[in-house]
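User: I'd like a close look at one part of this model, and then a walk outward from there. Here it is.
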Amino acid sequence: MCASRSWARGSSPVPGSLREWREGFPRGARMTDVARACRGLDPELKESRPLHIVLGNEACDLDSMVSALALAYYLENTSESKAAFVPVLNIPRSELALRGDSVFMLSELNIPESSLIFRDEIDLHALHQTGKLTLSLVDHHALPSSDAALENAVTEVLDHRPLEQQYPPPCNVTAELVGSCATLVTERILQGKPEILDWQTAALLHGTIILDCVNMAPEAGKVTPKDSKYVAQLEAQFPDLPNRSKIFESLQKAKFDVSGLTTEQMLRKDLKTISGDGTMLAISAVYMDLEVFLQRSNLTAELDAFCQAHGYDALVAMTITFNPHNEPVRHLIVFCPNMDLQSTICGALECSHCPPLNLTPAPTPNPNLRAYHQGNALASRKKVLPILREALGAYPSAMKTPSGTPGPESCSQEQMDDELDKAINTLIPEMSRDEEEPVLPPTPMNSLVDECPLDQGLPKLSAEAIFEKCSQITMARSSISPPQKKK
Ligand SMILES: Nc1ncnc2c1ncn2[C@@H]1O[C@H](COP(=O)(O)OP(=O)(O)OP(=O)(O)OP(=O)(O)O)[C@@H](O)[C@H]1O
Ligand SMILES: [Mn+2]
Ligand SMILES: [Mn+2]
């Protein structure tokens, strides 16, 4: 689906230095030569020069794609280093088609998809082993556990979310909570060497910032003064950039067009993942109304198959649609067959206060599914991810069962008891003392203790197991003689 091709100037192949960038990049070799070399088909090119990869996030939305393309282009044209600067889209090539806004933008600007390199076409880990790889991360900075080995190749970060991970100097970190990472890349180019900016690259950046900042509308809660400043500067340098509203409407339409997508494709279209202590969680943006989504045929089985296929222990989907006033309406869906993990995730989301999500439970067709209306319509996944990351951190991996199998019953009984004893003994110390030691009254929880045993949150255990243990405690207490007064 493509809106009218009214943007690009003429229908010439990629004009200006974007084409030269592609052909002369790295110097003397075309993009496809680099791709072939990176795919290991042409070792001497790989051997000849170090490779500096500019890598977007694994959701690979328009912001990630454009930030990687534009920053690599800038570095290739300004860096003193003899490295080749290669933008890599952090998804398999086959997944680009799910990103309607990116496909639309590339076609509008006559940038052939064949000139791009995707994550499944380059072996970053093998390159890293040759010692020839350095990395710039754009639009993210916390690498997924599968890429943890690449952390020491990161020499630069440009991101627009709160820092969750430190990259010590000499890594160059730019992290600012602006509406779009493309704003930070634009700033870098305009402050560095504005004359290398050509119309195509300016149009890529301009359109991306406008989409991310919802056509620069303050009520959407995305745009910052820096976003507005650089959109204006791009327009001042290229007065014939397309009209903002035209860009926004075409990209928004292309982004939200999910017609014909399967449930699996819809979940993969804008997917982020987090992991904590061996538990993997997928968080998808679903551009569809909750009711409509829940009515999809075979939904629970499809969600289960999706989690099993990718090794996810749970899936959180954030649906986003718009009311007649064009305000976003958000719902959260939690799919998790493991009841302990499900209650950990739902508890964290329900009790979150930073930010409060103002969740109202909504009915679902299956106990493995929970759904909520999210009253806080401004909290995008960027805001929800830290809540989920913290919840995973508090969830004992000992409770983790192979993904997709039911919860606590799959843990051995003694494992459950150990967990429970540990938990109860931090809560009720007299249970852990042996007989001869006098039992002191439990420390009042509001006293100045250096850390409250509940700081890590209540132990994640099933209600029945806690009840069982508490009844044991009352029995044990009634058999313990009252504390002897110290003489
Ligand atoms: N108020 C709005 N009006 C119109 N469109 C809006 C409005 N708010 C968001 N969108 C569109 O929905 C897409 C998804 O927006 P989001 O759910 O707020 O998340 P985000 O894409 O801005 O940020 P994320 O938390 O997903 O993180 P990153 O993508 O930065 O990694 C928006 O793209 C917009 O089209
Ligand atoms: Mn997004
Ligand atoms: Mn972004």
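Where is the place of Pro-355?

Analyst: Pro-355 is in the loop between helix H14 (339-351) and strand S11 (359-362). Helices here are DSSP runs of H or I with at least four residues, strands are E runs of at least two, and both are numbered from the N terminus. Some ground rules before going on: this is a predicted model, in which local features need pLDDT of at least 70 and side-chain atom pairs count only at pLDDT 80 or more, while totals for chains, interfaces and linings use all residues. Residues are numbered from 1 along each chain as its sequence is written, chains are lettered from A and ligands numbered from 1 in the order in which they are written, and side-chain values use heavy atoms, with hydrogens and water left out.

Back to the loop. The peptide bond leading from Cys-354 into Pro-355 is cis, with omega near 5°. Pro-355 is also one of the residues in contact with Asn-376, alongside Arg-330, Pro-356, Leu-357 and Asn-358, once neighbours within four places in sequence are set aside. Contact here means heavy atoms within 4.5 Å.

Asn-376 itself belongs to another loop, the one between strand S12 (369-374) and helix H15 (381-394). With a relative accessible area of 16%, Asn-376 counts as buried; the cut-offs are under 20% for buried, over 50% for exposed and partly exposed in between, using a 1.4 Å probe and protein chains only. A polar atom of the Asn-376 side chain lies 3.2 Å from the backbone nitrogen of Ala-379.

Both loops fall in residues 248-392, which UniProt lists as "domain: DHHA2" in an unreviewed entry. UniProt positions follow the numbering used here, feature names are shortened, and annotations may be inferred rather than shown by experiment. That stretch is 40% helix and 28% strand, and its end C-alpha atoms are 36 Å apart.

Arg-330, which touches Asn-376, takes us to ligand 1. Among the 20 residues around ligand 1, the nearest are Lys-222, Gln-252, Lys-272, Arg-330 and Ser-380; "around" means that a heavy atom of the residue lies within 4 Å. An N or O atom in the Arg-330 side chain is 2.7 Å from an oxygen atom of ligand 1. For Arg-161 the corresponding distance is 3.1 Å, and for His-160 it is 3.4 Å. The protein covers 95% of the 670 Å² of accessible area that ligand 1 has on its own. Areas come from the Shrake-Rupley method with a 1.4 Å probe, and for residues only the protein chains shown count as cover.

His-160 turns up again at the manganese ion (ligand 3), where its NE2 joins OD atoms of Asp-63 and Asp-139 as donors at 2.2 to 2.3 Å. Donors are N, O and S atoms within 2.8 Å of the metal (3.2 Å for Na, K and Ca), and water is not among the atoms, so the site may look incomplete. In sequence, the donor spacing is D-x75-D-x20-H. The two aspartates link distant parts of the chain: Asp-63 is in helix H4 (residues 62-78), and Asp-139, 76 residues away, is in the loop between strand S4 (133-138) and strand S5 (154-159). Both are buried, Asp-63 at 2% relative accessibility and Asp-139 at 1%. Asp-139 also has a positive phi, near 65°, in a residue other than glycine.

H4 is one of the elements packed against the buried residues of H5, as are helix H8 (199-212), helix H10 (244-256) and H11. Helix H5 (residues 100-108) has 7 of its 9 residues buried, so it is largely enclosed by the rest of the structure. Just after H5, Asn-110 takes a positive phi of about 55° and is partly exposed at 24%.

From H11 (residues 263-269), take Arg-268. Arg-268 is buried at 17%, and its side chain makes a polar contact of 2.8 Å with that of Glu-264. A polar contact is a pair of N or O atoms within 3.5 Å; within protein, one must be able to donate a hydrogen and the other to accept it, and residues adjacent in sequence count only if both atoms are side-chain atoms. Beyond residues up to four places away, Arg-268 touches Glu-95, Leu-98, Arg-99, Phe-306 and His-310.

Zooming out, the protein chain has 17 helices and 12 strands, and 49% of its 487 residues count as buried.
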